[in-house]
Amino acid sequence: MPRAKIMMTKFKQASLVLVGVLAGVLLSLNFSAVAQREAARLPLPVDELRAFAEVFGAIKSNYVEPVEDKKLITEAISGMLTGLDPHSAYLDPDAFKELQVGTQGEFGGLGIEVGMEKGVVKVVSPIEDTPAFRAGLKPGDFIIKIDDASVKGMTLNDAVKRMRGKPRSSIRLTILRESEPKPFEVTLIRDVIRVQSVKSKLIEPGYGWVRVSQFQEHTGEIMVKHIDALYKSGPLKGLILDLRNDPGGLLNGAVGISSAFLPARAAVVSTDGRTEDAKRMFIAAPEDYLRGNRDDYLKSLPAAVKTVPMVVLVNGGSASASEIVAGALQDHKRATLIGTQTFGKGSVQTILPLGHNTAIKLTTARYYTPSGRSIQAKGITPDIVVEDPTSPTVGGFREADLEKHLLNEQEQSTPAEKTQKTNVKPSTEAEEKPPAPLEFASDKDFQFQQALKFLKGVPLATAQSAPPVESKKN
């Protein structure tokens, strides 16, 4: 038998073996009983699996350099997930560990929420009081180089790994910003990120401000302590809940924060997906916001917090869990929303652990506000739109700008609410470091000042150059 024919025969045999192995892997992944039953009902795509095995074999036999099986399989899994939507991903041991630690409020790195678009890394939101925030990075910025390495062609995991590192080590990022004519460089010093997820202050007697910058494991308990401290200074006439640039976090945290201000057992959010587990309603009740056997941390809240006039501040950086809170309080007419259109991330990701300390983050459902609104690729429109030229999200990008985003099934097409973009061509020249970010709840924070005016019943302006409009207490 000719040598070429022998090789082809062996290759086909190897391909069939690989098909069998892949089929076994697909059937043995321990996702859920429901998923397994569905997999059993559907025939395996034998032709596609055979094609995968043939490509695998061709790479193993002919690629210019030897490639480990583990690398090929890992890259294939990663490709399957990143090809679905911007929020599904494969988590290798490092990424899985960082995710787990990050929900506890402490992790290493730059303090930046990122995604991938058009082959480069895009900033979703810098986390407050972190190296990325202090460097002035903004939502919508493109990271086009990490040190001297071009990001083009990297996977998101590869880029994130490069941005990780030992605390006090430096990293140089080249940033492309649509409002700037040329890219510019920023040098950051990596740090251990300890996210202070809740801040508060008594603005003046009778008026309080509470900021939630991220929804972590214990954000609800921490917020209760801040509110209790505000009420120790006396009754409140008005409260501002600041969710601007909050990229989200844990779903139960969003339910807990909402429950603090809503009547007992009021609807907070519903989810809908293909499996029965993904179809459910979350209400303002301990069983829906507590994890484990912890005591109900909302029991100690002053009763007045359920009725105090409220403003919720939002902007284009308010995403996911923060949109759940904003939507729930808006639907129940519990608070007045002030600011700009939110990000529009209306999907739920489930972490499915695999073997060897890895996992996949898989989009499993869409979520809906109590009135049934889907905010996916649309966002939540504030009751009073107040623009702020100093805001890092004016003219910024949102979920609808992300490639392969889920469509809003309640809309005929992707909403035409996106800000028109200005095309910026990359340049090799770098400009000076951007200005320092806005300090929230300061005298220079225009949206915050308008929220305070609203609570006081004073006319407010919807933009810094706009004439005042009448206000009323909610």
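Buried here means under 20% relative accessible area. That cut-off matters for a few charged residues in this predicted model, since Asp141 and Arg177, which pair up in a salt bridge, are both buried. Below is a quick tour of the salt bridges, followed by a look at one serine, Ser259, in helix α9.

**Salt bridges across the sequence**

- Side chains of opposite charge can pair when their charged atoms come close.
- Searching the whole structure turns up 18 salt bridges.
- One of them joins Asp141 to Arg177, with N and O 2.7 Å apart.
- Asp141 sits in the loop between α6 (131–134) and β5 (142–146), while Arg177 is in the loop between β7 (170–176) and β8 (184–189), so this pair ties together parts that are 36 residues apart in sequence.
- As for surroundings, Asp141 is buried and Arg177 is buried too.

**A pair with more exposure to talk about**

- Arg172 and Asp148 also meet through their side chains in a salt bridge, at 2.3 Å from N to O.
- Here the Arg172 end belongs to strand β7 and the Asp148 end to the loop between β5 and β6 (149–150), so the pair links parts that are 24 residues apart in sequence.
- Arg172 comes out as partly exposed, because its relative accessibility is 24%.
- Asp148 has a relative accessible area of 63%, so it counts as exposed.

**A salt-bridge network**

- Asp242 pairs with Arg244 in a salt bridge, and their closest N and O atoms are 2.8 Å apart.
- Asp242 has 0% relative accessibility and so counts as buried.
- Arg244 likewise has 0% relative accessibility, which means that Arg244 is buried.
- The two belong to a network of salt bridges that links Arg211, Asp242, Arg244 and Asp445.

**Ser259 in helix α9**

- Ser259 is part of helix α9, which covers residues 251–261.
- With 2% relative accessibility, Ser259 is classed as buried.
- A polar atom of the Ser259 side chain lies 2.6 Å from the backbone oxygen of Val255.
- Setting aside neighbours within four places in sequence, Ser259 is in contact with Val268, Ile283, Ala284, Ala285, Tyr289, Leu298 and Lys306.

Key. Residues numbered from 1 in each chain as written. Predicted model: local features only at pLDDT ≥ 70, side-chain atom pairs only at ≥ 80, totals over all residues. Heavy atoms only, no water. Helix = DSSP H or I, 4+ residues; strand = E, 2+ residues; numbered from the N terminus. Buried < 20%, exposed > 50% of the residue type's maximum accessible area, 1.4 Å probe, protein only. Polar contact = N/O pair within 3.5 Å; in protein donor to acceptor, adjacent residues only side chain to side chain. Contact = heavy atoms within 4.5 Å. Salt bridge = Lys/Arg side-chain N within 4 Å of Asp/Glu carboxyl O.
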